[in-house]
Amino acid sequence: MAQDKPMRLYQAWKGSNRFFCGGRLIFGPDAASLFLTLLLIAVPAMVFCIKIYCKIHDKLTRHPGSWYPVLFVGAALTVMDLIFLLLTSGRDPGIVPRNVKPPETDEAWEVTTPSMEWVNGRTPHMKLPRMKDVIVNGHSIKVKYCDTCLLYRPPRASHCSICNNCVQRFDHHCPWVGQCIGIRNYRLFFMFISTATILCIYVFVFSWINILEKEKSIWKAMSHDVLSDLLIVYCFVAVWFVGGLTFFHFYLVCKNQTTYENFRYRYDKKLNPYTKGLMRNIGQAFFSKIPPSMNNFRSFVEEDEHKAVGSFTPNYGEAIVSSKEKIDIELAHNLADNSAYSLPEILRNLDYDDEEDDLKTKQDESKPAFGPLFWTEQDMLESGQVCIIADEVTESVQSTTAGDGGRESSQILNSEDGARASVQSSTSSEEIKPVEETRDNWSSHQTTTPAPQV
């Protein structure tokens with residue numbers, strides 16, 4: 001039999017990314033939105049270039065040669081913007097490789113946090129604290145453990161829920177680009193939005209020049225040049241979006257922040273541990289060396305390795321819950337219903353049916369097993385009550401069929417008194433009678449008050 005063809009890393013990747021060209025290009029799961037962005041940039045730019053080209057060859061145009069640089073610059077800005085867009089979208093943003101199994105650390109036994117205690121109670125095989133403290137530029141920074149990637153995220157890294165990956169220096173997930181923006185494509189992303197802003201301003205300005213150059217009034221010129229009117233309106237609307245985005249990210253570059261940090265962590269009241277000053281922040285963003293990818297998506301992986309990657313998912317609800325923990329959880333659940341605090345969903349879905357069945361089985365096994373010839377007081381009492389009830393039913397049926405109510409009722413009372421007296425005499429004794437005496441009493445009792453087999 002021929003051996004199976006070895007798999008490459010991008011073929012066994014557990015994230016939501018899409019790979020092309022044999023793993024050389026990596027896109028996000030929403031890469032289809034990239035085509036919409038391409039159309040929004042390319043179509044207006046092509047219309048503008050065609051308009052300028054027609055103006056150059058128009059005989060009524062004054063100094064047609066002066067419009068050649070306008071055409072070349074417009075085409076160059078369009079090509080540059082599209083290249084930056086494709087490079088941003090098709091590049092590894094800085095994905096952190098996943099671990100096959102959780103890390104082993106001795107610090108987990110020394111650090112005590114509420115989250116760690118909860119993990120220990122539910123998954124004994126995972127004794128890891130949820131948060132760890134690391135020192136960055138003399139400041140203590142908390143890093144979080146990622147249950148999906150099975151690692152402690154590096155500082156400034158975060159897990160993207162769309163791509164399902166931990167990304168270094170995670171900024172945000174851009175739906176227009178269809179990719180996460182991280183440490184390896186942030187510079188390209190900034191060049192893309194800044195070039196788009198310049199292109200919008202460029203087309204907006206020269207479309208106005210094309211209208212104002214005519215000898216007619218502005219309103220007559222605009223009525224006769226519909227394409228220029230559409231380009232002016234389109235660029236006016238688009239420049240507010242891409243222009244505002246460009247200025248916002250330039251502000252973040254000066255502060256050495258990411259979009260994620262700006263919205264989630266406010267450094268107004270405390271010092272930003274990552275800032276290095278205005279000039280150094282700008283130099284780090286635009287002139288520093290881009291780190292290489294931590295993943296070689298074209299490398300071959302073993303079959304056991306790619307099956308193990310992502311297959312380990314900690315389940316916090318499979319551990320056996322004791323009766324005391326069950327009561328505590330139920331009390332907490334009732335408290336959560338009556339207060340503003342809600343119990344975690346995973347605690348509400350715990351199933352205790354198996355534990356209750358096991359508990360009942362253990363209780364049944366723990367009962368003393370007496371032979372059929374040795375009766376306990378409680379068993380005798382229960383059997384006597386069954387006999388009394390059976391006698392009452394039998395005598396009542398006989399009374400209704402015979403029609404003689406008086407005599408039958410007296411028989412019922414006599415039988416009830418005799419049965420109860422025999423049961424009380426048997427249960428009031430402090431010591432259990434011998435086996436022969438017990439047999440005689442029960443045989444006489446069965447003859448006077450026959451009981452149906454239950």
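Biologist: Before we start, what counts as a helix or a strand here?

Modeller: Happy to begin there, and please keep in mind that this is a predicted model. Helices are runs of at least four residues and strands are runs of at least two, numbered from the N terminus. The runs themselves come from DSSP.

Biologist: Thanks! With that in hand, how much of residues 231-254 is helix?

Modeller: The UniProt record, an unreviewed entry, lists 231-254 among its "transmembrane region" spans. In the model, the end C-alpha atoms of that span are 33 Å apart. Strand makes up 0% of the span, and the helix share is 100%.

Biologist: And residues 65-88, how far apart are their end C-alpha atoms?

Modeller: This span is also one of those that UniProt labels "transmembrane region". Its chain is 88% helix and 0% strand. From end to end, the C-alpha atoms of residues 65-88 are separated by 36 Å.

Biologist: Let's turn to the interior. Which elements give two or more residues to the lining of the largest cavity?

Modeller: There is 1 cavity of 30 Å³ or more, and the volume of the largest is about 30 Å³. Its lining consists of Phe-48, Lys-51, Ile-52, Phe-206, Ser-207, Asn-210, Ser-228 and Leu-231. The elements giving two or more of these residues are helix H1 (33-56), helix H4 (186-212) and helix H6 (226-255).

Biologist: How many charged residues are in that lining?

Modeller: Sorted by class, the lining has 4 nonpolar and 3 polar residues. Lysine counts as charged, and Lys-51 is in the lining. The charged count is 1.

Biologist: Now helix H8: which helices do its buried residues pack against?

Modeller: In H8 (residues 278-286), the buried residues are Asn-281, Ile-282, Ala-285 and Phe-286. Viewed down the axis, they fall within an arc of 110 degrees, so they line one face of the helix. Met-279 and Arg-280, on the other side, are exposed. The packing partners of the buried residues are H4 and H6.

Biologist: I also noticed Leu-150. Is it buried or exposed?

Modeller: Leu-150 is not a glycine, yet its phi is positive, at about 60 degrees. It sits in the loop between strand E5 (139-146) and strand E6 (151-152). Its relative accessible area is 0%, and the cut-off is under 20%, so Leu-150 is buried.

Biologist: Last one: what is the relative accessible area of Arg-169?

Modeller: Arg-169 lies in the loop between strand E8 (165-167) and strand E9 (172-174). Its phi is near 45 degrees, again positive in a residue other than glycine. Arg-169 is buried, with a relative accessible area of 17%.

Note on methods: Residues numbered from 1 in each chain as written. Predicted model: local features only at pLDDT ≥ 70, side-chain atom pairs only at ≥ 80, totals over all residues. Heavy atoms only, no water. UniProt positions renumbered as here; feature names shortened; annotations may be inferred. Buried < 20%, exposed > 50% of the residue type's maximum accessible area, 1.4 Å probe, protein only. 1 Å grid on protein atoms, 1.4 Å probe; cavity = no way out; pocket = protein on both sides within 12 Å on 5 of 7 lines; lining within 4 Å. Points joined across faces, edges and corners; volume = space filled by probe spheres on them. Arc of directions from axis to C-beta. Contact = heavy atoms within 4.5 Å.
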